[in-house]
Amino acid sequence: MSTIRRFRAMDMFKFNNVNLDLFTETYDISFYLSYLAQWPDLFTIAESADGSSMGYMMGKVEGRGEDWHGHVTALTVAPECRRLGLGRGLMSSLEEASEKTYNCYFVDLFVRPSNKVAIAMYENFGYVLYREVLEYYMTDGVMPTENAHDMRKALARDVDKKSLVTNKRLVTPAETHF
């Protein structure tokens, strides 16, 4: 049995098992705390009955006008907890808040093209490839420099699904800021 709840600052001391994955981006403590302070309802954790971390999701809202959207900054599930539906549960919490609390047009995320399992999962959740961000992921000595897939899912406010249409398929990281 697992529970999805809001992330708390003390959770940072017990989520290392979740971060030990080549595809998981890790950040310094101040980055996690800034998200927790600014978007506490978009930072959630899945934990087991004994209180151990099974996965977490960090998100935010950003943009203006029809670019107003929810963004998945990080979604990761511990390897031993995968294929249990936790990713779907964490994503659903962000999508619901983006739609009902923040009235966003869409949710977007970046994912490494080499992370085929995650891409298939996101496609299963209704996300589509919007564009490619050139050299978004820089090498860390283990993983190579790699582009990012910018994937999107339109929400109810975007009735005509305009957020999924682009004329520019390749962009630089600087062009992704809202």
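Which residues does methionine 91 touch, not counting residues up to four places away in sequence? Keep that question in mind while we walk through the model, which is a predicted one.

Let's begin with the whole chain. The protein chain contains four helices and eight strands. If you start at the N terminus and follow the elements, they come in the order β-α-α-β-β-β-α-β-α-β-β-β. Along its principal axes, the C-alpha trace spans about 50 × 40 × 30 Å. A compact globule of 178 residues would have a radius of gyration near 16 Å, and the protein chain agrees with this because its own value is 16 Å.

Now think about inside and outside. Of the 178 residues, 48% count as buried. The accessible surface of the protein chain comes to about 9,500 Å², and 55% of that surface belongs to carbon and sulfur atoms. Charges are part of the picture too: the chain has 20 positive and 24 negative ones, and the mean positions of these two groups are 4 Å apart. It is also worth asking how the chain meets itself. Taking contacts between residues at least 6 apart in sequence, 64% join residues at least 24 apart.

Next, step into the interior. The largest nonpolar core has 39 residues, and Tyr56, Met91 and Tyr122 touch the most other members. Several elements give two or more residues to this core: the helices α2 (29-38), α3 (86-101) and α4 (116-124), together with the strands β2 (43-48), β3 (53-62), β4 (69-77) and β5 (106-111). There is also a second, separate core of five residues, including Phe110, Val133, Tyr137 and Ala148.

Here we can return to our opening question. Methionine 91 is found in helix α3. Leaving out residues up to four places away in sequence, methionine 91 touches Met57, Val72, Leu75, Leu109, Tyr122, Phe125 and Tyr127. Methionine 91 counts as buried because its relative accessibility is 1%, and the cut-off for buried is under 20%. You can also use methionine 91 as a starting point for getting your bearings: from there to asparagine 147 is 56 residues in sequence and 23 Å in space, C-alpha to C-alpha.

Two other methionines are worth a visit. Methionine 54 is found in strand β3, and its relative accessibility is 9%, so methionine 54 counts as buried. What is methionine 54 in contact with, leaving aside its neighbours within four places in sequence? The partners are Ser2, Val18, Ala46, Glu47, Ser48, Val77, Ala78, Cys81, Leu84 and Leu86. For a sense of distance, methionine 54 and threonine 172 are 118 residues apart in sequence and 33 Å apart in space, C-alpha to C-alpha.

Methionine 12 has its place in the loop between β1 (2-6) and α1 (16-19). Is methionine 12 buried or exposed? At 13% relative accessibility, methionine 12 counts as buried. Beyond residues up to four places away in sequence, methionine 12 touches Phe7, Ile29, Tyr32 and Leu33. One of these partners, leucine 33, is 21 residues away along the chain, and the C-alpha atoms of methionine 12 and leucine 33 are separated by 9.3 Å.

Let's move on to some residues with more open surroundings or a notable backbone angle.

Glutamate 135 has its place in strand β6 (residues 128-137). Its relative accessibility is 52%, so glutamate 135 counts as exposed. The backbone here deserves a look: phi of glutamate 135 is near 45 degrees, a positive value in a residue other than glycine. Lysine 161 is not a glycine either, and it has a positive phi of about 55 degrees. You will find lysine 161 in the loop between β7 (146-154) and β8 (170-171). Lysine 161 counts as partly exposed because its relative accessibility is 43%.

Our last stop is histidine 177, in the segment after β8. With 65% relative accessibility, histidine 177 counts as exposed. Histidine 177 and aspartate 108 are 69 residues apart along the chain, and their C-alpha atoms are separated by 12 Å.

Technical notes: Residues numbered from 1 in each chain as written. Predicted model: local features only at pLDDT ≥ 70, side-chain atom pairs only at ≥ 80, totals over all residues. Heavy atoms only, no water. Core = buried A, V, L, I, M, F, W, Y, C linked by side-chain atoms within 4.5 Å. Buried < 20%, exposed > 50% of the residue type's maximum accessible area, 1.4 Å probe, protein only. Rg over C-alpha atoms; globule rule 2.2 N^0.38 Å. Contact = heavy atoms within 4.5 Å. Areas by Shrake-Rupley, 256 points an atom, 1.4 Å probe, with all protein chains shown as cover. Lys, Arg positive; Asp, Glu negative; His and termini not counted. Charge placed at Lys NZ, Arg CZ, Asp CG, Glu CD.
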